[in-house]
Amino acid sequence: MSGGSARSLGKGSAPPGPVPEGLIRVYSMRFCPYAQRTRLVLTAKGIRHEVININLKNKPEWFFKKNPSGLVPVLETSQGQLICESAITCEYLDEAYPEKKLLPGDPYEKACQKMVFESFSKVPPLISGIVRTQNKEDCSGLKEELRKEITKLEEVLTAKKTTFFGGNSLSMIDYLIWPWFERLEALELNECVDHTPALKLWMAAMKKDPTVSSLLTDVKTFQGFFNLYLQNSPEACDYGL
Amino acid sequence: MTDDATRTLGKGSIPPGPVPEGIIRLYSMRFCPYAHRTRLVLRAKGIRHEVININLRNKPEWYFTKHPFGQIPVLENSKCQLIYESVIACEYLDDAYPGRKLYPYDPYERARQKMLLELFYKVPHLTKECLVALRCGRDCADLKLALRQEFCNLEEILGYQNTVFFGGDCISMIDYLFWPWFERLDVYGIADCVNHTPALRLWIAAMKQDPTVCSLLTDKNTFLGFLNLYFQNNPGAFDYGLSC
């Protein structure tokens with residue numbers, strides 16, 4: 001059991017012990033899209049792991065020893081090695097656990113996935129911006145920008161003529177961008193994929209993937225979390241437990 | 001003289017033909033720090049290559065078929081495959097070409113180098129802002145303070161690791177990825193930003209002894225000549241120092 005539904009640890013909690021051999025630990029938060037990338041890769045590759053959820057609105061002091069920036073996700077190995085930054089954790093897992101490779105072996109195909117990832121990079125801050133904006137006017141500007149970025153991704157997919165961003169099977173790049181598309185419905189941003197048929201097909205195909213569906217969060221739960229999170233409630237990270 | 005000492009191509013220029021087999025082409029500009037990263041890797045790995053310099057103030061129309069926004073560096077191989085973003089280009093070269101590996105083999109050590117790169121991300125923007133401020137006669141004390149703080153973070157890493165280079169006792173990819181901005185500190189007028197970071201100064205000295213770094217060093221006067229023309233918006237800036 002991955003323990004992904006465990007209550008988060010907050011200020012005053014005891015630091016966890018060392019990671020047992022044969023296991024890798026991910027410090028996470030159930031609703032964090034960046035940490036979801038790492039959990040998707042761990043699950044897709046069948047890597048034995050344990051999850052420790054962190055209360056991001058009430059961080060334990062010991063967590064800053066794992067990552068001075070206090071952000072999730074962080075990987076910790078049984079040798080005490082720490083890896084931060086979601087994309088770096090995902091690539092580390094793909095290299096350290098050679099079964100079921102998610103990144104292509106061909107150097108050019110791998111570079112292509114990284115170029116698509118760069119193309120995608122404006123989407124997360126735009127969505128965060130939309131989530132935080134109360135003002136309808138500022139929101140519509142951000143939504144317009146988001147539509148533009150999403151159109152770029154549609155162009156990539158149509159140019160490739162494949163279902164997924166890396167070809168006809170699901171691969172690393174699909175997992176890296178999925179978490180933000182999963183949240184569109186809960187954020188009432190489905191309109192942003194109105195004019196992007198290839199992306200809509202991709203989203204439907206992603207939802208059928210066993211790894212993606214095993215980690216899917218329903219709309220109501222997301223919305224419950226977002227409400228509490230925007231109010232800075234220390235209960236947000238454990239919503240639904 | 002480096003292998004990229006050729007005049008830039010600008011608007012109205014004829015698009016270059018396909019890349020011959022056995023070599024890789026780099027679209028570049030002699031003074032661009034991002035392209036400098038890729039040139040360092042090409043040289044360090046001994047990769048046969050040709051360089052086409054682009055006039056960044058007068059970009060050839062055909063260049064937008066190589067990069068959607070006309071940026072450099074871009075790699076083009078004989079299969080017409082295009083790779084851009086300097087870090088992606090450098091990693092591609094390390095993966096695609098045999099021989100000396102610049103990234104470590106160990107997955108954790110590779111991840112460490114990528115985490116170090118994240119630590120560096122504010123430096124290019126800050127050094128450029130300092131340069132622009134100084135050239136426009138504006139005060140840049142705040143910017144220099146911010147830059148010194150970034151350098152302190154890097155100094156801490158070297159102190160903690162107790163190694164000469166950022167990847168260990170030998171030069172590796174991360175050092176080459178950082179280097180172009182440190183080479184420019186003096187000519188940008190901000191060399192004093194490393195006054196309080198001795199380990200970083202030792203690293204700079206060690207880097208200057210590396211044969212690859214050495215072979216691509218641009219002399220100060222040539223750089224100043226470029227900067228003077230660049231800040232006068234002279235499109236001839238990019239070819240400054242070429243003999244013909």
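The legends below describe close-up views of a predicted model with chains A and B.

**View 1. The largest nonpolar core and the residues with the most contacts inside it.** In this predicted model the largest nonpolar core has 73 residues, and those with the most contacts inside it are B:Ile83, B:Phe151, B:Phe166, B:Phe178, B:Phe182, B:Leu200 and B:Trp203. Helix α6 of chain B, which covers residues 173-183, gives the most to this core, with eight residues. A second, separate core has 72 residues, and A:Met29, A:Val131, A:Leu199 and B:Met115 are among them. As a general background to such views, nonpolar side chains in soluble globular proteins tend to be buried together.

**View 2. The surroundings of B:Ile83.** When its neighbours within four places in sequence are left aside, B:Ile83 is in contact with residues of chain A, namely A:Tyr108, A:Ala111 and A:Met115. On chain B, the contacts of B:Ile83 are B:Pro73, B:Val74, B:Leu75, B:Ile88, B:Ala89 and B:Tyr92. One of these, B:Leu75, stands opposite B:Ile83 in β4(B), and three bridges join strand β3 of chain B (residues 74-76) to β4(B), the two strands running antiparallel. Another contact, B:Pro73, lies in the loop between β2 and β3 of chain B, where a cis peptide bond with omega of about 0° joins B:Pro73 to B:Ile72.

**View 3. The four-stranded sheet of chain B.** The strands of this open sheet follow the order β2-β1-β3-β4, with mixed pairing, and the edge strands, each pairing on one side only, are β2 (49-53) and β4 (82-84) of chain B. From one strand to the next the twist averages 25°. Five bridges join β1(B) to β2(B), which run parallel, and B:Arg25 stands opposite B:Glu50 in β2(B). Although β2(B) is an edge strand, β2(B) is mostly covered, with four of its five residues buried. Helix α2 of chain B (residues 86-96) lies across β1 (24-28), β3 and β4 of chain B and runs at about 125° to β4(B).

**View 4. Two annotated domains of chain B.** An unreviewed UniProt entry places the feature "domain: GST N-terminal" at residues 22-101 of chain B, and over these residues the chain is 29% helix and 20% strand, with the end C-alpha atoms 19 Å apart. For "domain: GST C-terminal", also from an unreviewed entry, UniProt lists residues 106-231 of chain B. Over residues 106-231 the chain is 72% helix and 0% strand, and the end C-alpha atoms are 44 Å apart.

**View 5. The sheet of chain A and the helix lying across it.** In chain A, an open sheet of four strands has the order β2-β1-β3-β4 with mixed pairing; its edge strands are β2 (49-53) and β4 (82-84), each of which pairs on one side only, and the twist averages 20° from one strand to the next. Strand β1 of chain A (residues 24-28) is joined to β2(A) by five bridges, the strands running parallel, and A:Ser28 stands opposite A:Asn53 in β2(A). Helix α1(A) lies across β1, β2 and β3 (74-76) of chain A and runs at about 155° to β1(A). The 12 residues of α1(A), at 1.5 Å a residue, should span 16 Å, which agrees with its end C-alpha atoms being 16 Å apart. Of these 12 residues 10 are buried, including A:Pro33, A:Gln36, A:Arg37 and A:Leu42, and the helix is followed by A:Gly46, whose phi is positive, near 65°.

**View 6. A:Ser86 and the cis proline of chain A.** A:Ser86 has its place in helix α3 of chain A (residues 86-96) and counts as buried because its relative accessibility, 6%, is under 20%. Not counting residues up to four places away in sequence, A:Ser86 touches A:Tyr34, A:Arg37, A:Thr38 and A:Pro73. A:Pro73 is placed in the loop between α2 (63-66) and β3 of chain A, and a cis peptide bond, with omega of about 0°, joins A:Pro73 to A:Val72.

**View 7. Two residues with positive phi in loops.** Most residues other than glycine have a negative phi. A:Lys161, however, has a positive phi near 60°; this residue lies in the loop between α6 (136-160) and α7 (172-182) of chain A and counts as exposed at 73% relative accessibility. B:Asn162 is likewise not a glycine and has a positive phi of about 55°, and its place is in the loop between α5 (141-161) and α6 of chain B. With a relative accessible area of 67%, B:Asn162 is exposed.

Notes: Residues are numbered from 1 along each chain as its sequence is written. Chains are lettered from A and ligands numbered from 1 in the order in which they are written. This is a predicted model: local features need pLDDT of at least 70, side-chain atom pairs count only at pLDDT 80 or more; totals for chains, interfaces and linings use all residues. Side-chain values use heavy atoms; hydrogens and water are left out. A nonpolar core is a set of buried Ala, Val, Leu, Ile, Met, Phe, Trp, Tyr and Cys residues joined through side-chain atoms within 4.5 Å. Buried means under 20% relative accessible area, exposed over 50%, partly exposed in between (1.4 Å probe, protein chains only). Contact means heavy atoms within 4.5 Å. UniProt positions are given in the numbering used here, feature names are shortened, and annotations may be inferred rather than shown by experiment. Two strands pair if DSSP finds at least two bridges between them. Axes are lines fitted to C-alpha atoms, for helices over the stretch in contact, and angles run from 0 to 180 degrees between N-to-C directions. The expected span of a helix is 1.5 Å times one less than its number of residues.
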